[in-house]
Amino acid sequence: MSGVRALRQVSRLVVGCPSGRVGVVSSGGLVPRAGLVAGRSNSGATGTGMRTAMVWATVPRAAFSSSARVFGSGSSDVVLSQKLESEIQYEKEALGDVPATPEFLKAFEEQGVWKIEDVVGNDEVTLVRKFGNENLRMMFSIADIQMEDEADYENEEGSSEGGEEGGESPIGAYPIRVSLAVTKNNAPGALNVDMVCQDGHFMVDNISYYGDAKVGTELNAEADWKRRGLYIGPQFDTLDVGVQEEFEKFLREREINEGVAMFIAEYAAYKEQAEYVKWLKNVKTFIDL
């Protein structure tokens with residue numbers, strides 16, 4: 001994993017004007033001169049307002065260069081492209097001699113229990129399998145890793161200010177939200193289990209039941225709207241301990257265990273890295289056109 005992944009925004013300076021107007025100075029920009037000329041007129045408040053209006057009207061025309069410039073070739077494009085290329089090379093070097101298909105992925109696929117449904121460019125991954133007359137679909141998103149990276153960066157900033165050294169979190173240490181949907185071929189309804197995958201374990205948050213399987217499983221605006229306002233069941237940790245234990249056995253029997261939890265963490269990190277490098281290349285290609 002690379003370090004901080006953030007595009008640095010150009011800082012802005014807000015300049016107040018006596019006439020109540022505000023000008024913004026960005027890199028390479030111009031300062032409206034209304035504040036500089038206000039008060040020079042001898043015709044009172046009206047004159048000041050006229051002078052101010054005239055200066056604000058003339059500054060924008062001066063902001064444009066009269067020299068010819070090819071469309072899509074701004075003065076910052078070359079440097080930005082170089083920075084993107086530098087980041088691409090850094091990520092390649094960080095990966096080293098990692099094979100196209102990592103060993104953890106080969107081992108998981110060889111087990112033949114779960115099938116991976118992953119679309120390049122999407123941030124969600126789905127694992128599907130059959131268990132008797134049941135259809136299981138487990139979904140997770142790499143967006144959770146991105147948010148965790150931002151939190152780690154903020155913590156590192158705080159540690160640096162306090163004189164402490166920070167380190168990268170090991171794979172699996174960050175929480176990933178997982179949604180499991182269970183449906184049956186010979187029965188209506190759907191059982192949805194909301195979990196958090198962390199440190200090689202699944203922690204159940206909530207178990208919901210929907211009488212209409214489509215409402216419980218379809219990923220569209222209509223189904224999402226219908227789910228709103230429905231009773232989603234109690235928090236898992238408020239259930240009787242015996243009920244909690246039996247639900248955990250229910251999940252384990254369907255191969256929702258520590259091995260799958262570790263795979264989700266590894267695959268999320270693997271996919272996030274691949275999508276990030278792809279994003280860098282796509283943006284660089286677009287800038288270079």
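**Figure 1. Asp-212 and its surroundings in the predicted model.** At 39% relative accessibility, Asp-212 counts as partly exposed, because that class takes in values between 20% and 50%. This predicted model places Asp-212 in the loop between E8 and helix H6 (213-217). Look for the side chain of Asp-212 first: one of its polar atoms lies 3.0 Å from the backbone nitrogen of Lys-214. Then find Pro-188, which is 24 residues from Asp-212 in sequence, with 6.3 Å between the two C-alpha atoms.

**Figure 2. The open sheet and its strand order.** Six strands form an open sheet here, and walking across it you meet E3-E4-E5-E6-E7-E8, paired antiparallel. Which strands sit at the edges? They are strand E3 (115-118) and strand E8 (201-210), each of which pairs on one side only. From one strand to its neighbour in this sheet, the average turn is 20°, with direction ignored. For context on the whole chain, it holds 9 helices and 8 strands.

**Figure 3. Strand E6 and its two partners.** On one side, strand E6 (residues 176-184) runs antiparallel to strand E5 (residues 134-141), and 7 bridges join the two. Two pairs are handy landmarks for checking the register. Met-138 stands opposite Leu-180 in E6, and Glu-134 has Lys-184 of E6 as its bridge partner. Turning to strand E7 (residues 187-198), how many bridges join this strand to E6? There are 9, and this pair is antiparallel too. One landmark here is Thr-183, whose bridge partner in E7 is Ala-190. If you follow the backbone from E6 into E7, you pass through a hairpin whose connection has 2 residues.

**Figure 4. Asn-192, a polar side chain to zoom in on.** Asn-192 lies in strand E7. Is Asn-192 buried or exposed? With a relative accessibility of 9%, Asn-192 counts as buried, because the cut-off for buried is under 20%. Setting aside neighbours within four places in sequence, the contacts of Asn-192 include Leu-180 and Ala-181. Also among them are Asn-206, Ile-207, Ser-208 and Tyr-210, together with Gly-216. Leu-180 is a familiar name from the previous view, where it stands opposite Met-138.

**Figure 5. Helix H4 and its two faces.** In helix H4 (residues 103-111), the buried residues to pick out are Phe-104, Leu-105 and Phe-108. Why do they belong to the same side of H4? They cover an arc of only 100° around the axis, so they share one side of the helix. The packing partners of the buried residues of H4 are E3, strand E4 (124-131) and H9. On the face turned away from that buried side, you will find the exposed residues Glu-103 and Glu-110. After H4 comes Gly-112, with a positive phi near 70°.

**Figure 6. Helix H9 from cap to end.** Helix H9 covers residues 258-288, and its 31 residues should span 45 Å at 1.5 Å a residue. The C-alpha atoms at its ends are 45 Å apart, so the model agrees with that expectation. Which residue caps the N-terminal end of H9? The cap is Asn-257, with a side-chain oxygen 3.2 Å from the backbone nitrogen of Gly-259. H9 also appears in the previous view, as one of the elements against which the buried residues of H4 pack.

**Figure 7. Two loop residues with positive phi.** Most residues other than glycine have a negative phi, so positive values deserve a look. Asp-199 has a phi near 55° and is placed in the loop between E7 and E8. What is the phi of Glu-255? That phi is positive, about 65°, although Glu-255 is not a glycine. Glu-255 belongs to the loop between helix H8 (241-253) and H9. Its relative accessible area is 34%, so Glu-255 is partly exposed.

**Figure 8. The chain as a whole.** Stepping back from the close-ups, 30% of the 289 residues of the chain count as buried. Among contacts in the chain with a separation of 6 or more, residues 24 or more positions apart account for 57%.

How values were computed:
Residues are numbered from 1 along each chain as its sequence is written. This is a predicted model: local features need pLDDT of at least 70, side-chain atom pairs count only at pLDDT 80 or more; totals for chains, interfaces and linings use all residues. Side-chain values use heavy atoms; hydrogens and water are left out. Two strands pair if DSSP finds at least two bridges between them. Helices (H or I, at least four residues) and strands (E, at least two) are DSSP runs, numbered from the N terminus. Axes are lines fitted to C-alpha atoms, for helices over the stretch in contact, and angles run from 0 to 180 degrees between N-to-C directions. The expected span of a helix is 1.5 Å times one less than its number of residues. A polar contact is a pair of N or O atoms within 3.5 Å; within protein, one must be able to donate a hydrogen and the other to accept it, and residues adjacent in sequence count only if both atoms are side-chain atoms. Buried means under 20% relative accessible area, exposed over 50%, partly exposed in between (1.4 Å probe, protein chains only). Contact means heavy atoms within 4.5 Å. The arc is that of the directions from the helix axis to the C-beta atoms.
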